[in-house]
Amino acid sequence: MAAHFPVVFKTWRKKTKIMNGILNKKDNFIIIDYYTGYYFVCKRMGGGYHADIEPINIESNNSIKKIMGSGRGGKRRPVIILLEDGKCFLGSSFMVGHAGVDSEPYLKILTKRSNGYGKGENYDSVKGNGMDGHICLFVEGCRNHFDGKENKEHNKNLEFLKDVKSKEV
């Protein structure tokens, strides 16, 4: 899939929060899966070392299910981030809902959260979208929340996209 619009790399800098102001909390944007071309609308609900995002409705969550059921790629996938103003960025997304329960209030302390996450705050802010928890979105320079380290699988996706972009005519 070749992009026919200007796509750029952005670096995540936690201290300067360069993506805050580009990818603001509560803003809607589109994630396009590189391998399938399927897309979904989501919003950023949080995240410090990377963006925590959620599909805005059941239709978008169903698109994620189609992406994950396509048999192409893995859980961490190369993506294109399309903002409402038309700006595009390259990224990598962990498309498995985790660390939340859709039927419980946002930030409520739960003893059990989705995908094996134990006790903690409910990181599911968009209710009624059919997903328990949230998914993760990485751009260059992002790190894992749990250990503060770069994620090799996401970096591999970003390098792949950079290579594809460099070969565009």
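Asp124 is buried, with a relative accessible area of 0%; buried here means under 20% relative accessible area, exposed means over 50%, and partly exposed falls in between, using a 1.4 Å probe and protein chains only. Asp124 sits in the loop between β8 (120-121) and β9 (134-138). Strands are DSSP runs of E with at least two residues, helices are runs of H or I with at least four, and both are numbered from the N terminus. Leaving aside neighbours within four places in sequence, Asp124 is in contact with Met45, Glu54, Gly100, Val101, Asp102, Tyr106, Met131, Asp132 and Gly133, where contact means heavy atoms within 4.5 Å.

This is a predicted model, in which local features need pLDDT of at least 70 and side-chain atom pairs count only at pLDDT 80 or more, while totals for chains, interfaces and linings use all residues. Residues are numbered from 1 along each chain as its sequence is written, and side-chain values use heavy atoms, with hydrogens and water left out.

**The chain as a whole**

The protein chain holds two helices and nine strands, and along the sequence they follow the pattern β-β-β-β-α-β-β-β-β-β-α. Of the 169 residues in the protein chain, 41% are buried. If you take contacts between residues at least 6 apart in sequence, 56% of them join residues at least 24 apart. The accessible surface of the protein chain comes to about 8,900 Å², and 52% of that belongs to carbon and sulfur atoms; the areas come from the Shrake-Rupley method with a 1.4 Å probe, and for residues only the protein chains shown count as cover.

**Strand β6 and its partners**

Now have a look at strand β6, residues 88-98. Eleven of its eleven residues are buried, so β6 is largely enclosed by the rest of the structure. In a regular strand the side chains alternate between the two faces of the sheet. Both faces of β6 are covered: one side carries Cys88, Leu90, Ser92, Phe94, Val96 and His98, the other Phe89, Gly91, Ser93, Met95 and Gly97, and all are buried.

Two strands count as paired if DSSP finds at least two bridges between them. Strand β5 (residues 76-83) pairs with β6 in the antiparallel sense over seven bridges, and Arg76 has Phe94 as its bridge partner in β6. Together β5 and β6 form a hairpin with four residues between them, and Gly86 in the turn has a positive phi of about 95°. β6 is also joined to β9 by four bridges, again running antiparallel; there, His98 has His134 as its bridge partner in β9.

**Salt bridges**

A search of the whole structure finds seven salt bridges, each being a side-chain nitrogen of Lys or Arg within 4 Å of a carboxyl oxygen of Asp or Glu. Among them are these:

| Salt bridge | Closest N and O atoms |
|---|---|
| Lys87 and Asp85 | 3.7 Å |
| Glu159 and Lys162 | 3.7 Å |
| Glu140 and Lys162 | 2.4 Å |

The pair of Glu140 and Lys162 links distant parts of the chain, with Glu140 in the loop between β9 and α2 and Lys162 in helix α2, 22 residues apart. Glu159 and Lys162 both lie in helix α2, three residues apart, about one turn of the helix. Glu140, Glu159 and Lys162 are thus linked in a network of salt bridges. In terms of exposure, Glu140 is partly exposed at 24% relative accessibility, Lys162 is partly exposed at 30%, and Glu159 is partly exposed at 46%. Lys87 counts as partly exposed at 48%, whereas Asp85 counts as exposed at 53%.

**Cysteines**

A disulfide is a covalent bond between the sulfur atoms of two cysteines. The rule used here asks for a pair of cysteine sulfur atoms within 2.5 Å, and by this rule the count comes to zero disulfides. Cys136 is a handy example: its sulfur is 9.7 Å from the closest cysteine sulfur, in Cys142, so the two are too far apart for a bond. Cys136 is buried at 7% relative accessibility, and Cys42 is buried too, with a relative accessible area of 0%.

**An exposed phenylalanine**

Finally, is Phe146 buried or exposed? At 70% relative accessibility, Phe146 counts as exposed. Phe146 is found in the loop between β9 and α2 (152-166). The C-alpha atoms of Phe146 and Tyr49 are separated by 9.4 Å, although the two residues are 97 apart along the chain.
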